[in-house]
Structure formats: structure tokens, C-alpha cells
Amino acid sequence: MTAKAEYKVAVLGAAGGIGQSLSLLLKMNPLISDLALYDIANTPGVAADLSHTNTTCSVKGYAGEEQLADALKGCDLVIIPAGVPRKPGMTRDDLFSINAGIVKNLCEACAKNCPKAILNIISNPVNSTVPIASEVYKKAGVYDPKKIFGVTTLDVVRSNTFISEAKGLDVNDVDVPVVGGHAGITILPLLSQTYPSTKFTAEELEALTVRIQNAGTEVVEAKAGAGSATLSMAYAAARMAEACLRGLSGEAEVYECSYVASSVTDLPYFATKVKLGPNGAEEVLPVGDITDYEKGWLEKLIPELKASIDKGIEFANKD
Ligand SMILES: NC(=O)C1=CN([C@@H]2O[C@H](COP(=O)(O)OP(=O)(O)OC[C@H]3O[C@@H](n4cnc5c(N)ncnc54)[C@H](O)[C@@H]3O)[C@@H](O)[C@H]2O)C=CC1
Ligand SMILES: O=C([O-])CC(=O)C(=O)O
């Protein structure tokens, strides 16, 4: 099925490291008719630059809070990579003090100007920023749990890459579900569910699991103070955006792992595979059969993820 270019997508934080690369990938997506690039500054330049590429999508830059409403009006999908990235030695939770307020303000504007749009939240700590966004939408009376997604696609992209390299598989065939959240031990790759079915030794399991959990830090350390993953994140966010738009367009059987409102565990938010459709998250799939090794990680991650969720909910409701 070939869907037409008919969707308006906004990127909030579009002049940043992720924002610029992601905007380029979105400009190449045939499903998108209008791309709105918003940031506190520099988006007119990014938009002028991108507007010279000969793809169908039209692009416009919006800079400063007074232009945010116009950027959001009529949007089908809003992607949020606004906020500060990590430096070596920091955890994602160390970004909370700055990014929580940024995400809260941007989500207030989304709830007002495009309440029915799908939200893809990239800004860290995702484990807390998704609960913040949801609380903002509840307060505004427009909450729809099917529409708010924490972007954890990079964890899947990394798992597919590392496992295909370790096992000599064609990376295009490999699919590894990643559940839980998006920080340290809350990232739980389910290697026992690797497609195609693959056997791992205990040592391989431990090394791959820990590498996937620390892959963000691997990039932060390699960039040595110049930020965190931007190119691989833009690639992953473009993949998630495409899945959301294919779902909206009515395409059947579109799935991605994402951190969403969930009743799969006792936690109110949890990442598992999600079926995407015309209303957003049509179905949140269960964790499925997991090994004792994976159960051990799952037990360990629950209290940490709960604390991050509670922190986000408390922040959003504090005044
Ligand atoms: N979910 C995930 O898997 C990943 C998440 N991230 C997160 O994405 C975020 C962005 O990372 P980068 O692009 O590398 O950072 P960056 O610093 O290069 O870009 C961030 C952009 O946000 C903008 N910004 C700040 N306040 C804003 C506001 N109120 N409204 C609109 N824009 C605003 C800045 O002007 C800047 O252009 C970070 O929080 C980072 O931790 C990064 C990689 C992976
Ligand atoms: O590690 C970071 O701070 C950025 C991020 O979320 C990732 O690369 O997975």
C-alpha cells in the first residue's frame, strides 16, 4: 500500500544535534507534506538550508516561543528532542533539572495547539519525561494514552546491530525486542526473543546485555564532552516517526517497541512492542516468555523505573 504525503510533522529542538539530522531524514520521507522546525533560535537557517533539497515535503522554520503555536497547529505528529544532552560522568537523570521544565512547557503548548497529534518524546530522562507529558495532558483535559510515546527505538537499533555483528547475521533480518525503560539497567533487551532464533552462551548474554544498557554512555564517552548520540538517534527517531505515520495511514501490522502507558506490569509506563494504527498505540503487547536471566533483570529494573516515573509525576503536579 502506498500512502500519500499528507502529514504535518513538527520537530521541537530542531536546531540541535538530533534535531538537524532528524529533520533531514524527515524531509526525505514521502509520507510527510509539511515539516515545521521549531527551536528557541537558528531554525530559519536550518529550514532555509533544508528547503533547497528537491523532495516533495515543504519545510518552515519557527524560532522563539511566540512562533510555537503556529508550528504546532495542524500537526499529526510532534517529535521532541529539545533539551540538554549528557556529558561524561552524568546519568540521564542528571538532566532532569533542566529538561523536565523544557518538556513540560512544550507539552503544554502541544496540549493546547494540537491535542490530537501523536507525541514522540526523545528528551531525557525519557523514563520521567513521558510521565510529565502525560500529566500535562491530563491537566489540560486532553489526555489520550494511545498518543504519547517515549522513543526507545535506539535501544532496538543498537541491539539489532550488536547482535548481528556478534553472530554474523544479516542486520536487515535481525529483530530484538527491548523492554522496560530508557536508562541503564531499565533497558532490558530480550535476547531470548531474538529473530531469527539465535543461541547465546551465558558469557555472550551478559556481555551483550550490559553493552546495550551502556551503549548511550559508550557514545557520551567517545564524544568526550561534545554531547551524546545524535546521528544514530536521528536514524532511530526517523524510523519511529515512519512507523507512527504508517500506522496513522491505516497500514496493518506496524510494530515498534516504545515506552508508553501500559498495564503489562504494575508500573503505569513500560516499554514493550506496540502495534501502531490510526489512533496511535492500538495495542500494547505483553513481555512474552522470558528466561530466568531476563526475569532477574526485570525484577531489578522495576524499583528504578518506578522512582523515575514517580519523580516525573510529582514534578508535573507540583504547582
Ligand atoms: N531517547 C533517546 O534514545 C535519546 C535521547 N537523547 C536526548 O535528546 C536530547 C537532545 O539531544 P541533542 O540533540 O544531542 O542536544 P543539543 O543540545 O544538540 O540540541 C538540543 C536542542 O534543544 C533546543 N532547546 C532547548 N530548550 C528548548 C526549548 N525550550 N524549546 C525548543 N528547543 C529547545 C536547543 O536550542 C538545542 O538546539 C537530550 O536530552 C538527550 O539526552 C539523546 C540521544 C538518545
Ligand atoms: O546516553 C545518552 O545520554 C543519550 C541516550 O539516551 C542514548 O544514547 O541512548
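## Two ligand shells at a domain boundary

Arg-86 is located in the loop that runs between β4 and α4. The model in which it appears is a predicted one. Arg-86 is buried, because 22 other C-beta atoms lie within 10 Å and a residue counts as buried at 20 or more. Apart from residues up to four places away in sequence, Arg-86 touches Arg-92, Leu-95, Val-220 and Ser-228. An unreviewed UniProt entry places the annotation "binding site" on Arg-86, together with Arg-92, Asn-124 and Arg-158.

### Overall architecture

The secondary structure of the protein chain amounts to 10 helices and 11 strands. With a radius of gyration of 19 Å, close to the 20 Å that the globule rule gives for 319 residues, the protein chain is as compact as a globular protein of that length. The C-alpha trace spans about 55 × 45 × 40 Å along its principal axes. Of the 319 residues, 50% are buried. Among contacts between residues at least 6 apart in sequence, 68% join residues at least 24 apart.

The domain assignment divides the chain into domain 1 (7-151) and domain 2 (153-310). Their centres, taken over C-alpha atoms, are separated by 21 Å. To the contact between them, domain 1 contributes 37 residues and domain 2 contributes 38 residues. On the side of domain 1 that touches domain 2, two or more residues come from each of β1 (7-12), α1, β4 (77-80), β5 (118-121), α5 (126-139) and β6. That side of domain 1 comprises 22 nonpolar, eight polar and seven charged residues.

### The ligand shells

Which domains give residues to the shell around ligand 1? Both domain 1 (7-151) and domain 2 (153-310) do, so ligand 1 lies between them. The shell holds 31 residues, and the closest are Gly-13, Gly-16, Gly-17, Ala-82 and Asn-124. Helices α1 (17-27) and α4 (96-113) each supply at least two residues of this shell.

The shell around ligand 2 likewise draws on both domains, with at least three residues from each of domain 1 (7-151) and domain 2 (153-310). The residues around ligand 2 include Pro-85, Arg-86, Arg-92 and Asn-124, and also Leu-154, Gly-216, Thr-217, Val-219 and Val-220. Ser-228 and Ala-229 are further members of the shell around ligand 2. Helix α8 (residues 215-223) gives the most to this shell, with four residues.

Asn-124 is listed among the closest residues to ligand 1 and also among those surrounding ligand 2. Three residues of the "binding site" annotation, Arg-86, Arg-92 and Asn-124, are found around ligand 2. The composition of each shell by residue class is set out below.

| Shell | Nonpolar | Polar | Charged |
|---|---|---|---|
| Ligand 1 | 17 residues | 12 residues | two residues |
| Ligand 2 | five residues | four residues | two residues |

### Annotated and neighbouring residues

Arg-158, also covered by the "binding site" annotation of the unreviewed UniProt entry, lies in helix α6. Arg-158 is buried, with 24 other C-beta atoms within 10 Å. Leaving aside neighbours within four places in sequence, Arg-158 is in contact with Ile-212 and Ala-215.

The unreviewed UniProt entry also carries the annotation "active site", which covers His-182. His-182 is situated in the loop between β7 (178-180) and β8 (187-189). Is His-182 buried or exposed? His-182 is buried, because 28 other C-beta atoms lie within 10 Å. When residues up to four places away in sequence are excluded, His-182 touches Val-126, Asn-127, Gly-150, Thr-152, Asp-155, Ile-187 and Tyr-259.

Thr-152, one of the residues that His-182 touches, occupies the loop between β6 (148-150) and α6 (153-167). Thr-152 counts as buried, because it has 28 C-beta neighbours inside 10 Å. Beyond its neighbours within four places in sequence, Thr-152 is in contact with Val-126, Val-178, His-182, Cys-257, Ser-258, Tyr-259 and Ala-271. Val-126 and Tyr-259 thus appear in the contact lists of Thr-152 and of His-182. Thr-152 and Asn-120 are 32 residues apart in sequence, and their C-alpha atoms are 9.8 Å apart in space.

Notes: Residues numbered from 1 in each chain as written. Chains lettered and ligands numbered in written order. Predicted model: local features only at pLDDT ≥ 70, side-chain atom pairs only at ≥ 80, totals over all residues. Buried ≥ 20, exposed ≤ 12 C-beta atoms within 10 Å, placed from the backbone. Contact = placed C-beta atoms within 7 Å. Near = placed C-beta within 6 Å. Nonpolar A, V, L, I, M, F, W, Y, C, P; charged D, E, K, R; others polar. Domains from an automatic or database assignment. UniProt positions renumbered as here; feature names shortened; annotations may be inferred. Rg over C-alpha atoms; globule rule 2.2 N^0.38 Å.
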